[in-house]
Each structure stands twice: as structure tokens, then as C-alpha cells.
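Trainee: Got a minute to go through this one with me? I'd like to talk about the chains and how they touch.

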Amino acid sequence: MKITYDWLKDHLKTSAKEDKLLEKLTDIGLEVESIENLSEGLDSFKVAKIVKTEKHPNADRLKVCDVDVGNKVIKKVVCGAANAREGLITVYAPPGAIIPKNKTKLVVAKIRDVTSYGMLCSESELNLSDESDGITELSSSKYAKNIGKSYFSKPSSNLIDLSITPNRPDCLGVRGIARDLSAAGFGNLKPEKDKKIKSNKKQTLKVKITKEKNQGCLSFGSCLITNVKNTESPQWLKDKLISIGQKPISAIVDITNYVMIDINRPLHAYDADKIDRGIIVRNSKSGEEFTALDNKNYKLDDGMCVISDNKGVLGLGGIIGGTRSGTELDTKNVLLESAYFDPRSIRKTAKKLNIDTDAKFRFERGIDQLSIDAGLNKAAFLIKEICGGEVSKIDIQKIESYKNKVIKFETKTFEKITGFKISTKEMIIILEKLGFKLKKEKKFFKLSVPSWRPDIVQEIDIVEELVRISGYEKIKIENPIKERSKNTLNPTQKLFHFLQRAVASKGYLEAITWSFTDSKYNDHFKGDKKEIKIVNPISSELGVLRNSIFSNLVMYMSKNLDRGIKDLSIFEIGPIFYGSQPGAQNTVVCGLSAGKKSRLSWIEKERNIDVFDIKRDVTQTLVEAGYDSEKFYIDDESPSYYHPGKSGRVFLNKGKDNVAAYFGEIHPNIIKTLDIKTESLVGFEIFLDNLKLPKKPLKDQKTKYSVSDFQKSERDFAFIVDKKISVQDLVSVISNIDKNLISNIKVFDVYEGGNIPENQKSVAISVTIQSLEKTLTDNDLEKTNNLIIETVENITGAKIRS
Amino acid sequence: MSEIKNIRDQFMSKLEGDLSVDQINEIKTELFGKNGLISSKFKTIGSIPETDRKKFASDLNQAKDELQNLITSKISEIEGKKINEKLEKEKVDITLPERPFVRGKVHPVSQTIDEISSIFSEIGFSVEEGPDVENEYNNFTALNTPDNHPARDMHDTFYLDENKEVLLRTHTSPVQIRTMLKDKPPFKIIAPGRTYRSDSDQTHSPMFHQVEGLHIDTNINMGHLKGCLNYFIKEFFEVEKIKMRFRPSHFPFTEPSAEVDIGYEIKDGKIIIGEGDKWLEILGCGMVHPNVLKNVKVDPSKYQGYAFGIGIDRLAMLKYGINDLRAFFDCDYRWLNHFGFDPLDVPSNYRGLSR
């Protein structure tokens, strides 16, 4: 909502400075978004006369004009306007002036080799109207004496742009803002002094609101003004509209706009002669069409509130009028509409047709139902004054009367909610100044809500009014008590934070990427999940929710590789989606690593990052998070976006519960298709929701401390075993032989080829044997030794290498 | 007697020469070997006359000790020299780089969430969460924002179905609804998380982060709200004093509502929080609307309290001097590395939010 202090003073008696006003507006909830000085520099625009025109030597369409800018100074100006002619009085902008329309600063410029000192301006360039065809033409009778003087009469006050919250339609009118300010002790609201129409003439155009379901128009007031002469608005009215950044059009239109802004009363003016036998306000029928004042053709659905005549739709009530019945400069008879439309109906229709107008903006927030008369009076009076004519009586049709709202307000509620006190007397002053009618009972007020406040319906709304006007700075700070009765994080949240930092500590940079992604990437990683489309995405590249974090990470990894980094690890912890219902999401920690280890190191041999690097990251992270790696079970069934031979999945237990993690090389086909330029790309996904949470807190997880100081013995074995037997199985067989004696198992060599038979491999294992109870004798060791060989051979079919 | 002295003097001076370990060992044998000069003198002790014997033995022992000590020290001197020579040869250029290491980082938004959680933990809030995909009821209707409400225009919503019933949450406020439906009052929670609006330009990202706060009890008023936020802002920005301004505003789900500005100034191109006369809006808050409480079956005549919503990314930008919101989600390794935090820098109450 744009206002000026000058306009505000039409309604508010005050002599306070503007900076105090700005402070007060923000303090009472009418936030000042910006202040703009529209008139700054406008005094340099001069009334000037073209004394001579010549054709431009190098351009057919341009003219070189000698312009009298006052005091016998002649300036040469190049001008392209067809109406630039000798004797024309127009508006001249000197170099240095800033053109209001496009805010560009004029400079002395050579236009096709002829130097132009300044510019002759069109009305459009001066933000006076939309007229951009030709330069401004000023009447010589009026302006001949003014040549050399400033064109803009007086500098207008600053343009104040307020951000009005949607609950405050009353402040979409200058008077409403003035009323709020007066309640807050900033000036006094001036009484309304509009004269009432005195007329004996009947309004002869019949108006009918049809009674039907969901009728969006509850009342329709009108008055007919005959024999008018529509004209340019007088200067005061033009100045007023220009001062808030609007362009004057014609007196009738300007007056309706003025009334709307002044008292938040939208009006519509029809050319009465274009209405075919009366107005019918009704619901539209599907397929009806009309051309609106924005020159667009709208096709209507069933049930939109339209103003129509016998020929059809004239306009959408409260939203936009139609071209067929619009007023023009030659309009003789005007029908003025002042109606009340239901906010929901307005919103529904405007949303469906995607129309946004000043009227719609106001009606959907709620217009004062009792302002119909005031609006008609104010506008009709001005039309008569400016355009002449005769005004009829006001006609009001309605299907529903306004119901006065009454609220019981217990005065103690104020302190209960705000924590501070104000006196009953103060409350009464504020509420009455805001327009409430008040009846004071012992413990409460009976409040009659002003008709311009649709937002006020219950007690809490009254508290808001009182605290807002008395000032939020009065709310006392109650310092919080440092006391905790509940854990801040639950076990899942703790695990989340732990995993996040555990992965980061392994050299991964944490990324946060959008939850939606490009289906082109997502298709590779969605697995068996269904695609979840966003109906109205920002762009088609962000059209689906991610089924996997890889969809984003792989793309960003590729971008980073293109930036020239060669070795990089990134990860993200966040949601992936498997359905479009709330909750159909999992939390995943997803990491991606590219390139080499020890690239260009003087001391270490460089190598491609590989699946066992990523396996370490996964395992170490899980171990750090408290899971026992001895119990982990790994197999090679992983989703298709991993390399089929170099990937696996991790279970926390051999019982094959839910998959705790996948890890592996990204499938070479994907790397190729997506053109990712790296020597190696490996990744992992840890599924937080599949990790069982520890049942016991850390303090109870520590078991009894027992270590053995008896001598330990390390024995090495080399088995030749079928390639298909996994090392995990081999190790598991050994560790199960005697958990008390076998304290550690290490795989120190795996070898294929050479003298090893095809489809077999040699696995070398070091086993640590140690007893908690005694020093083992050679005999004991020999026994265990033989048992290991025998058991492994029996169960796995392996052969010990001799 | 002078014989012992002679041997001693002779060999003492001999040992002072530039000798190798082998030569010293030879001398050692010559003196202390089976038939060494000193050894054989010891054998003669018995034949020394009684009167002289004591002195003889004493002199002999002294000479022996002196010689032996000198031999030992000579040997260790030579060996020490040898070792030093060896170590000198082993010397490396210690300025060569260490073996390669990698350093990971935690995203500034994650760090900020941990900081926020740590601060609110201290005053008794616990953390709640809700899903990113929400139904229209939890995101709007239950929050006193019915279908026809113009306030919905302020939220450019992503929808997952044509009927506009399922959407990506536009704020973290639906967690209020979920929490209050799930449990019984009192409530004292914060809910950080991802939020979405179909707005994308230089200062808007279609995904951003918010933290919701909710405190409902029998007697919680606007003074508590002000106190809580005053405490939070001071702790978060790690400043002694802050300038804070409560400004009336409107949100359908709170009444009275406020927007909170903090005072700042720009010094040498850097933003200084808590000083100066410029205002910066950082959050919205208010007393939970009775209609919202009714919607979640909490009796508004018994319970009341406040709620707030803060933009996390914005806080991180202010605190850590980050200019561009879009860069948060662009995953440029240079940015992540520059603005990220060491994973060991866990914000906590006892060690403070940051180093």
C-alpha cells in the first residue's frame, strides 16, 4: 500500500515530523517497506517551446529542434516525435535529469552526428499517463507564460510503501491508516465531511441480484449520473494519484481510483448507455466469455460471480470490468457500482482465472460492508463537481444484511497473554479510537466490532489490537529458566548427528542438496522405487523428488571434477523418498569418493580409490557408531547402479535383517553415460532407519573388563579354496571353532593364478591363539592348530597349503 | 709403590691418545687380562709385608678404578661419536611434506542446527521432527490458514498431486501440529528441518531450512517469548548485548504475532550484530492462535504459549558472513571447504558454540 504523508493529512490532524510517522507506522504493525522520493530532481523538467525544427541531416525520422528553455536560452535537441513542431509548448529535460519512467540519467549525446542537449519528453516518460506516442503537448493558453519554469508544480511528499498484512483490509485505505495512527496517539482523526447526495431522481437502471446457491454478491449499491462530460482530471487529483505512483487516465476512472485508495472502497463505473436493460448479478455458466479491461478474453466456469446485462457478461464482480461497458472520454451517462462481494468467491474465481487487480486484492481481504453509501456519495459528488451532470438517488439491492459482531472481552485476558498491564481507561481509549463501540461491564467489555474489521472475531483479536497499539516495547523480558526435563535429542537424532560427524571425519565434505532432482539422473539411481513427480516444479530439471541421494551427489561430483579437482569425497545426510505420502521417506547417509589416493605424493605410491577404501569408511563409521563389526554380514547383492562385481551390502547381523548399507564402485555404464571424468568413482549409502538403536545407554554398554596376560601365539595358515567361498565364511568358520581361544584373525594374503588351480584361490590367514586362563602348552597349541585345519577343510572343502 | 704409579701414569697418558675401540680393548687386556699388569699386581698382594700391604692394596685399587673408568668413558665416547656420525648420515629433509591426509567438513547449515539445538537444549527444549512431504491439512488448515486465506499466497507451494492435497512443507510449523496431536501438554520443542517454496532467484532458494519453536503451558505469555528469543539471539551470535525489536505482524497461526528485528551495522564491509541503527528482520513469532490449539485438541482456556520460526540459512549467513544463499546448495567443493566446519568442532554447552 503506497501512501504519502500529505494524503494522510487529509484524514489526520498532526504536525509531527515524517521520521516520527515512519517509526510509528512500523511500531503499530504497518511496516514501512521503503520510502521513495518521487519528486527528487523533477524541478529540472522545464516548460519549453519549440521555436524551430529542421530535418536531421542523417536520419529521416529525426528532427533537430531549437527549444526555448526560458530566459532566451535556446537548446538544440534531437527528437523523433512526429508531433514535434514549431510553436509547440512541451516538457524539456536537460542533461543530468533522471527520466521518471526508466530512471535513466540524461547525458549530452551525439545522435547520428548531431549533438543533442537534453530531451523532449512524452507523458509516458514522465509517468503522467500511458501516452507514449509523441511528446507532451501543453496548452499554449495555459503555459505560454510559464516557459522556463518548472513543469511539476510542487514537490510532492515522499512515497511511503507499507507492507499491509492480509488481515488488515481497512489499512488498504488511507483513512484506515490514519485511524490506526490516531489510536496510537499519533495525531487526531479528522471527522468525515463528505456531503450527501441530495436528489429526487430515481436510479432508473434496474439492478437484480439473483438468489442462487453460492451467490458471491451480497449487496449491490449503485447510482446513475447523467449528462456528464468525462474529461482530464483536475491538477489536484492528478497530483494525488501521481504522488503515489499511479497514472491519471480520465476524471471518472481517476475518481473511482481515488475513492478506493482514500477509504478502501472499490467502485466500478459503467457507461450506462452500453448496458442492455439493467444489471443482473448472477453466477456464470460454463463457457460464457467476455473481454476484460486488461484486454484479455476470459472463458468462465460455472458459478463465478458476474455482473451481466441481457446481452451477457459485463464483468467479474469485484475483480475486473469488461471492455463492452467501460467508460471512455465520450461517456455521457455513468452507472457507478459500489458492492460487497464474498472474499472466498472472489479468491476462488481470481485464482482460477489467474487475475490480480487492486479491487480483487481488496475484496478478497474483506471490504467494509457498510461503506457502500459513503463510496457512492464521495465519488458521485466528485464526478458532479468535475464532469457535471445529474446524480440519481442511491439504489441498494441486497440478499443479506450486515450482521454486527459483538465480542465479550475480559480485561484480565490482556495481562494473561501479554504479561504486562494497561489500565482499563487506556484500553477504552484505544478501542474507541479504533472504532469499537464499547459497553463496560464489571469484569469485561461488550464490544461491537467496526464494520471495516473483518479480521476481528474473538477475544484474542482484541488483545492483539491493544498490545499492538500500546506498543510491543512494553512487553517485559522474562528470562528463560535453565532447566531440562527431557532429553534434547532422541536416540535416532543422536545417531544422525553421530553419523554426520563420523563420515565427515573420514575426509568427506558435507553437502546439502535439494530434495528434488533431475529425473535424468534420478532414473539411474531410483532402483525399484517409483518416481515421485512434483506437479509444479521450478523447472523440468527439478521435476522429481530424489529416490536416492546419489541422483544429486553424482551430478555435483561431476561438476566439481569439471572444476578441475581430481580427488574428492563428498557426502550428504538427508531424506530420500519412496512414495508421495507424508512419511514415505528414509534418512540416508550417502557418500561418494572419486579419483586417486596419494596422487603425486613423493612418499606414497598413488593408486585409484577402490571398493575396499569405501568399505573401510562404511565399516569404520558403523563401528564408531557402536555396532560390532564381528557380527557384520556382507554379501554381494547390491542395487544395479553399483558395479556388479565390486559392490556389496552390509547387515549388522548374519540374521539378515534390514540392509544397513550398500557400498561399491558406481556402475561403469553410468559413469560413461553421465560422462563423469574420473579414474574411479565409489560410493556408499547407510540407511539410518535400518540401524537398530542401542537399547542401553552408553553407561550400561560397557561390559566387564577382562584381558589375558597369558602368552599368545600367532599361527599362519594358507588354504587353497574354491573361489566362490568368501573369505568372510572362511574367517567365520575359524572364529567359531573356539571363541575363547581364538582372539584375533587376520587375512594377510589372497592369491590367484600361478601355481594355484583355476577357480581356486589361496588365502593366507594369521590366527592369534590366547587363553584367558593359562599359558597354553605346545600340545594345546598343536591341538587347536589341527582343529583349525581339519574344520576349515571339512566345512569349506579347502586344502591347507603345504 | 712407584711401580703402581708408573703403570697408572704410563697408561693414563697412553689412553689419552687418539685410539680406536680395538686399541683401547688391547690396553684393557694388557692391564686387566689374566696376566695383565694390574691383574698380576693383585696376585702379589699376599706377598707384600703386612705393614705396607694396606697402602699397597689401596693404591692398587685406586689405580685400577681410575684406569677402568677412563677406559669405559673412552669407549663410550668413541661409540657415541660413531652413533652421531651414523645419525648424521640418516638425516632427512624434514621440511618434506608429511604423508597425505584428507580433511572432511561439516556443512555450515548442519553446524548452525547443532548450535541452535545446543542453545535451546540449555533452556529445556527438545528436538522434534516431521516429514518433508506434508498434507495440506497439517501445513495450512490446522494452522488456521483455510483454503480461501490470502496468507496462502505468501507460500508458493510445491504440490505432489493435482488435488493439491499433498505438498512439500512450506514451513516447519506442521511439526507443531504433529507434536501436539501426538502428545499431551506441556510442549517445549524446537523442530529444525528442510522447507520448500517454489521461489528461485538470487536471494531465494526453492529449498531452505527453518527451525520451529513451540512452548505451551498454562502460563506462558509474550514476556516469556521475548525472553526466550532474547536469550537465543545473544547466545547464537555470541555477543554480550543485542538490540532486538519486536514489531507487530500477522501470521494466521499466531496471535498476537510479531516479527523480530535485530540491530546491526556494517563496519569495513562486515556486518556487526548488536550495534548500529539498522534493523534486520530475522524471525517471525507470536502466541499460538486459540484456533490452532482447538485443532489439535488442546484446551485454549487452560493452555497457552508461543511459537516462532527462524530461517536457519539466514542465521548462518549472518553469523559466518556468507553472502550468497544459493551457494549453500551448489556443492562447490571450494565453498564447502571454506565455509564448512571441522567435524571435531561439536557445538556444546560446556565448551561453547565455537572455538
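Mentor: We'll take chain B, then the contact, then a helix and a sheet in chain A. Keep in mind that this is a predicted model.

Trainee: Fine. How many helices and strands are there in chain B?

Mentor: Chain B has eleven helices and ten strands.

Trainee: And is chain B a compact globule or more spread out?

Mentor: More spread out, because its radius of gyration is 42 Å, well over the 20 Å that the globule rule gives for 355 residues. Along the principal axes, its C-alpha atoms fill a box of roughly 130 × 45 × 45 Å.

Trainee: What domains does the assignment give for chain B?

Mentor: Domain 1 covers 2-90 and domain 2 covers 108-339. The centres of these two domains of chain B, taken over C-alpha atoms, are 89 Å apart.

Trainee: How much of chain B counts as buried?

Mentor: 42% of its 355 residues. Also, among contacts in chain B with a separation of 6 or more, 67% are between residues 24 or more positions apart.

Trainee: Switching to the contact. How many residues does each chain put in?

Mentor: Chain A gives 78 residues and chain B gives 70 residues. On the chain A side, elements that each supply at least two residues include α7 (343-353), α12 (459-470), α13 (491-504) and β32 (568-577). The largest share of that side comes from α12(A), with six residues.

Trainee: What's the makeup of that side by class?

Mentor: The side of chain A that touches chain B has 33 nonpolar, 26 polar and 19 charged residues.

Trainee: You listed α13(A). Which of its residues are buried?

Mentor: A:L495, A:F496, A:L499, A:Q500, A:R501, A:A502, A:V503 and A:A504.

Trainee: What covers them?

Mentor: Elements of both chains: the cover includes β28, β32, β33 (585-594), α16 (611-624) and β39 (681-687) of chain A, together with α5 (108-122) of chain B.

Trainee: How does the span of α13(A) compare with what it should be?

Mentor: It agrees: at 1.5 Å a residue, the 14 residues should span 20 Å, and the end C-alpha atoms of α13(A) are 20 Å apart.

Trainee: Last topic, sheets. What is the strand order in the open sheet of five strands in chain A?

Mentor: The order is β13-β16-β19-β20-β21, with mixed pairing. β13 (207-209) and β21 (320-321) of chain A are the edge strands, each pairing on one side only.

Trainee: In which sense do β13(A) and β16 of chain A pair?

Mentor: Parallel, over three bridges, with β16 being residues 279-283 of chain A. A:V207 is opposite A:I279 in β16(A).

Technical notes:
Residues numbered from 1 in each chain as written. Chains lettered and ligands numbered in written order. Predicted model: local features only at pLDDT ≥ 70, side-chain atom pairs only at ≥ 80, totals over all residues. Domains from an automatic or database assignment. Contact = placed C-beta atoms within 7 Å. Helix = DSSP H or I, 4+ residues; strand = E, 2+ residues; numbered from the N terminus. Nonpolar A, V, L, I, M, F, W, Y, C, P; charged D, E, K, R; others polar. Pairing = 2+ DSSP bridges. Rg over C-alpha atoms; globule rule 2.2 N^0.38 Å. Buried ≥ 20, exposed ≤ 12 C-beta atoms within 10 Å, placed from the backbone. Expected span 1.5 Å × (residues − 1).
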